[in-house]
Amino acid sequence: MDIVLLTTIVACLFVVIGMAEPLAARLSLPYSVILAVLGMMIGAGAIFFLRTDLTDALNPVAESILALPIRSNVFLYVFLPTLIFQATLGMNVRRMVDDWVPILVLAVVAVFVATLTIGYALSWVSGLPLVVCLLIGAIVSTTDPSAVVGIFRSLSAPRRLARIIEGESLLNDAAAIALFGLFMGFVMLGVPDPSYGEAIGQFPWLLAGGALGGWLTARAALMLMHWFARYELAQISVSVAVPYLAYVGAEHAMGASGVIGVVAAGLTLNLIGPSRLSPAFWTNLREVWDLLAHWAGALIFILAALLIPRLMDDMRPGDYALILVVILAAIVARAIILFGLMPLLSLLKLSPVVERPYRVAILWGGLRGAVTLALALAVTENLNVPVETKRLVGILATGFTLFTLMVQGTTLRWVIGRLGLDRLSPLDEALSNQVIAVALQTVREEVASTTESYELTRETVRSEAKRFAERLDGAVERAEAEDNTQILDRDRITLGLIALAAHERETILERFRERVISARLSETMLTDADRLIEAARSGGRTGYQRAARRGLRYGTPFRVASFLRNRLWIAGPLARLTADRFEALLARRLILRDLHGFLDTRIRRIHGRRVAELLHELLTRRQEAVETALEGLRLQYPGYAEELERRFIRRTALRLEEREYSAMREDGLVGAELHTALMADITRRRQQAEGRPHLDLALRKYELVRQFPLFADLEEPELRRLSRALRTRYVNAGKVIARKDSPSRSVFFVSSGAVEQEIAGQTTRLGRGDMFGQMGVLMNKPRRAEVTAITPTSLLVLDETGFRRVLKRSRALRRAVRDSVSAKAMREEAARLPELALD
């Protein structure tokens, strides 16, 4: 093909891509539907001009369009890795982990159910070999949920629901392509009825091998990008190579799934990249990949749609019935998942409750697209597949794709309207009236101030003020209507908490953009803020408080790190997690203080004084919990918090200095060359300030032991020996530390937090500096008390041998043990113990 003509055609395709988005918005149709229609029109037009006798002038162009090198490998090796890699970079992986059950059900289980349902339905109706029918089922089980996700976002649907659909899109293609590869192998070998045991047996390596290959590729790329830290274009170039190397390496070098390799590489870069790469570069990298994915997604749709007229060219009357069977079976299979399995998962608390209207929208929004056509094209190109099989696969896959795009895609927004998902609830409608009234009152004050400053003519000001007053009076009248005044305080509190959590999220993003907090820390804090929003939306005040407490807990990573530190003497993971917790608590404390101003300026004007005061109280409780957790860490690691605060001050100073230089540059006070030199100096100093101080766990534990009054009379050598014998244990609120009647083998010292001790129906609370478990150890009796943590608590644990040794050397500890006995009988028994003699 002539290179000039090919370049011209490609350039025109990009013009079509540019026209498609505004056209989709104008017609209120999904973007993918518009692309498919335009692609089919181009393909059908090329065939028409090539076959018509009206003119031959356009024959070279038509021949060039039909001769475009559109092969299945182009879709699978060029476009698909780009789309999957960008999707993994753009998602919130930590929030996806919270919903891994419904995501796997919709993605993997749904693919299996759809493949089997469609395959057996086709086999029963058509008489085709089962393996061919299952191959068709695997091809058409891939979904393109971008249309329904885009509409959900425009409707402000629950964010968690949109996230689940996005997670489905990521894993759905991987599962479907893996199944396609298995059944394609059976078809080429001429196996009519495949062995499911053999097929399923290959799946573990397809997943594990792909994940390993993608992880290794991403780690190697991160190492290179870290070396090229000063060269942003070089780093971006390395990132472009990652999905292709991961795909090819997993597919050909390891015999695994290339799609899983790309997913693993993207997730690895998503999780590790923000902490290894600068925030500005990470933002630019994602913007570059957004553009690449936009082009790749548009081209794959247009080029695949170009093939539709050719794939449907040899259609027979009986094929329409088979297409109808595929359509009905696919809808039934998806309905089984959405209306059968999803409610069951919700009852088991493994998935959020998805309301029926949203499930109907997801059912009707399961569009098929370019991946389905690409897999069908791969079958039609294979010389080892029988001719009739290739024809049927091409026609059924293409016909089903056309139905989802032309029927479901064009009516999806109408269906959502009929379901009432595009209308505000009565509560939101009432709230919007009040928000508009408050906003217009603020605007009136600012406009009056502006007109007075500029000394505009009185007639103009009076005329515009009259028009604005009419609109304001109408807004106030709607806000004070009877329906609006009946909003319950409970609902106002819920709405206020949602707004408060959303403002907290925006504050975190602002701090990240100002480089006050790191990218890794911002991701964690944004995850917590999203949990607050969703918890407040579903559970109101109780849900908000529960999510806030969850953000302060010591999770599974802490327990694993503590085990590695205490049992295997591997301190690195615990040091990193503790340092992360330190930094997160400091940043959260600062952000929570800023939120009180938002309550006074916004929430009070919209929801009233009573609601604002209650939210102030809830926010104050969160601050106190953060302060308690932070104080516990300060006691354990004195001086480290001060180092982090110094780092925060240095970052803030650099941000303000950078802002001043930029303002001077815009005002023309400094030239471009001087500004560049000043920015280079700030960049150098910022790199120095980015480094986090090292946290020495062993040293801090020794200093913590020195602060315990119980060990005040111990000599330095004995203190050091004691610090080595003590083990650190972190427990969450509500965790039972010691159960009644359990063996007494250790003594616990509270270094931070608080615990509750229950003995014979009486409850006492122990805090920092207290101990428990000592009498059971000394008397060799089972524990009489049950001890539960009431806040996130840090404990120092000493075994029986170590406790008896230090007891001999510390008169203060012996006195404390004797004083801790409350019951008279126990006190007399303790006095007779030789270990507790004070002389």
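Select F748 and F772 in this predicted model. Both residues are buried, each having under 20% relative accessible area. A search of the whole structure finds 5 aromatic pairs, and F748 with F772 is one of the stacked kind, with 5.0 Å from centre to centre and 10° between the planes. Colour the two residues by element of secondary structure: F748 belongs to strand β3, while F772 belongs to strand β6, residues 771–772. The pair therefore ties together parts of the chain that are 24 residues apart in sequence.

Extend the selection from F748 to the whole of strand β3, residues 746–752, and add strand β8. These two strands run antiparallel and are joined over 6 bridges. To find one of these bridges, display V750 and look to L795 in β8, which is its partner.

Keep β8 selected, now as residues 793–799, and show its surface exposure. Of its 7 residues, 6 are buried, so the strand is largely enclosed by the rest of the structure.

Next, add strand β1, residues 727–731. Strand β1 also pairs with β8 in the antiparallel sense, here over 5 bridges. R727 is a convenient residue to display, and its bridge partner in β8 is V797. With β1 and β3 both shown, β8 can be followed as a strand that has antiparallel pairing with β1 and with β3.

Move to strand β4, residues 755–759, and strand β5, residues 762–766. They pair in the antiparallel sense over 5 bridges. Display V755 and, opposite this residue in β5, L766. Then centre the view on the turn of this hairpin, where 2 residues lie between the strands. Here A760 takes a positive phi near 55°.

For the last stop, leave the strands and select helix α4, residues 72–90, together with helix α12, residues 232–253. Their axes come within 9 Å of each other and cross at roughly 115°. The crossing is right-handed. To view the contact, display L76, Y77, V78, P81, T82 and F85 on the α4 side. On the α12 side, display S239, V242, P243, Y244, Y247, V248, E251 and H252. Colouring the contact by residue class shows 10 nonpolar, 3 polar and 1 charged residues.

Conventions:
Residues are numbered from 1 along each chain as its sequence is written. This is a predicted model: local features need pLDDT of at least 70, side-chain atom pairs count only at pLDDT 80 or more; totals for chains, interfaces and linings use all residues. Side-chain values use heavy atoms; hydrogens and water are left out. Buried means under 20% relative accessible area, exposed over 50%, partly exposed in between (1.4 Å probe, protein chains only). Helices (H or I, at least four residues) and strands (E, at least two) are DSSP runs, numbered from the N terminus. Two strands pair if DSSP finds at least two bridges between them. Axes are lines fitted to C-alpha atoms, for helices over the stretch in contact, and angles run from 0 to 180 degrees between N-to-C directions. A crossing is left-handed if the near helix is turned anticlockwise from the far one by less than a right angle, and right-handed if clockwise. Contact means heavy atoms within 4.5 Å. Ala, Val, Leu, Ile, Met, Phe, Trp, Tyr, Cys and Pro count as nonpolar, Asp, Glu, Lys and Arg as charged, and the others, Gly among them, as polar. Rings of Phe, Tyr and Trp (its six-membered ring) pair if their centres lie within 6.5 Å; planes under 30 degrees apart count as stacked, over 60 as edge-to-face and the rest as tilted.
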